[in-house]
Amino acid sequence: MEKQSTFLVTHADAGSAVLKDADDGQVHTLAENPDLDANDALDATVASDELGVTWELVDVEERRPLTTGESEEPPTSQERDLAAEGDEGDVTTRERAGIGEIHVLTVPPERVADAVSDVLDDEATLVRAARLGVNRVEVRRDGEAGVVSVRYLP
């Protein structure tokens, strides 16, 4: 059985690699690693072995490394306005002009540092980046206002 999708490489070592489908969340263990690195996004086709236990990478249409990081820049005025419109605990999503999205989290000021760490450490952040077709995730914060912006950028 073959499957074409966008995948995130969640684990890679000399012997194998693990891919997570960015659309349906299914995990595919490759029988061998064809030189993939963790946090690569792949638009690819995989095929299962006869038992459906392991997979092999059949074709890669696009491969891009994904990066995450915290910016020293504060959230933009638009992001601050979005946060002000929401209640504590809300996440507001907006499309960016071109490729990507912006997610604005409204959190208690004392939880801003934890929220930033959670976003940067969450595999779902990279899965979303792979699905959106972007290359990097930039997180900005305003600790006094309780604003965390997550920018999915080309």
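By contact I mean heavy atoms within 4.5 Å. With that settled, here is my notebook.

**Ground rules.** I am working on a predicted model, where local features need pLDDT of at least 70, side-chain atom pairs count only at pLDDT 80 or more, and totals for chains, interfaces and linings use all residues. Residues are numbered from 1 along each chain as its sequence is written, and side-chain values use heavy atoms, with hydrogens and water left out.

**Entry 1: Arg64.** I started with Arg64, which I found in strand 5 (residues 55-65). My helices (H or I, at least four residues) and strands (E, at least two) are DSSP runs, numbered from the N terminus. Is Arg64 buried or exposed? Arg64 counts as buried because its relative accessibility is 4%; the scale runs from buried (under 20% relative accessible area) through partly exposed (in between) to exposed (over 50%), with a 1.4 Å probe and protein chains only.

Next I looked up what the Arg64 side chain reaches. One partner is the backbone oxygen of Ala130, at 2.8 Å, and another is the backbone oxygen of Val134, at 3.1 Å. I log these as polar contacts, meaning a pair of N or O atoms within 3.5 Å; within protein, one must be able to donate a hydrogen and the other to accept it, and residues adjacent in sequence count only if both atoms are side-chain atoms. Not counting residues up to four places away in sequence, Arg64 touches Asn39, Asp40, Ala41, Asp43, Ala129, Ala130, Gly133, Val134 and Asn135.

**Entry 2: Thr6.** Two names from that list, Asp43 and Ala130, came back when I turned to Thr6. Thr6 sits in strand 1 (residues 2-12) and counts as buried because its relative accessibility is 14%. Its side chain makes a polar contact of 2.6 Å with the side chain of Asp43. Leaving aside neighbours within four places in sequence, I also noted Lys20, Asp21, Ala22, Asp23, Leu42 and Arg131 among the contacts of Thr6.

**Entry 3: helix 3.** Ala130 led me to helix 3 (residues 123-132), where Thr125, Leu126, Val127, Ala129 and Ala130 are buried. What caps the N-terminal end of this helix? I found Asp122 there, with a side-chain oxygen 3.0 Å from the backbone nitrogen of Ala124. Just after the helix, Gly133 takes a positive phi of about 80°.

**Entry 4: the largest pocket.** I then went looking for space. Rolling a probe the size of a water molecule over the atoms shows where empty space is left. A pocket here is an open set of points on a 1 Å grid over the protein atoms alone, with protein on both sides within 12 Å along at least five of seven lines; lining residues have an atom within 4 Å of a point. The lining of the largest one is Val91, His103, Leu105, Asp118, Val119, Asp122, Ala124, Thr125, Arg128, Val150 and Tyr152. Strand 8 (101-106), helix 2 (112-121), helix 3 and strand 10 (147-153) are the elements that give two or more residues to it. Helix 3 gives the most, with three residues.

**Entry 5: nonpolar cores.** For a core I take a set of buried Ala, Val, Leu, Ile, Met, Phe, Trp, Tyr and Cys residues joined through side-chain atoms within 4.5 Å. The largest has 20 residues, and Leu66, Leu105, Val107, Ala129, Val148, Val150 and Tyr152 touch the most other members. Helix 2, helix 3, strand 9 (136-142) and strand 10 each give two or more residues to this core. I also logged a second, separate core of 11 residues that includes Leu19, Leu30, Trp55 and Leu57.

**Entry 6: Glu70.** Glu70 belongs to strand 6 (residues 67-70), and it is partly exposed because its relative accessible area is 38%. Which side chain does the Glu70 side chain make a polar contact with? I found that of Arg141, at 2.5 Å. The two residues are 71 apart along the chain, yet their C-alpha atoms are separated by 8.4 Å. Beyond four places in sequence, Glu70 touches Val116, Leu120, Val139 and Arg141.

**Entry 7: positive phi in a loop.** My last stop was the loop between strand 3 (27-30) and strand 4 (40-48), where Asp35 lies. Asp35 has a positive phi near 70°, and it counts as exposed because its relative accessible area is 57%. Asn39, in the loop between strand 3 and strand 4, has a positive phi near 75°. Asn39 is partly exposed, with a relative accessible area of 30%.

Key:
On a 1 Å grid over the protein atoms alone, a cavity is a set of points where a 1.4 Å probe fits but cannot get out, and a pocket is an open set with protein on both sides within 12 Å along at least five of seven lines; lining residues have an atom within 4 Å of a point.
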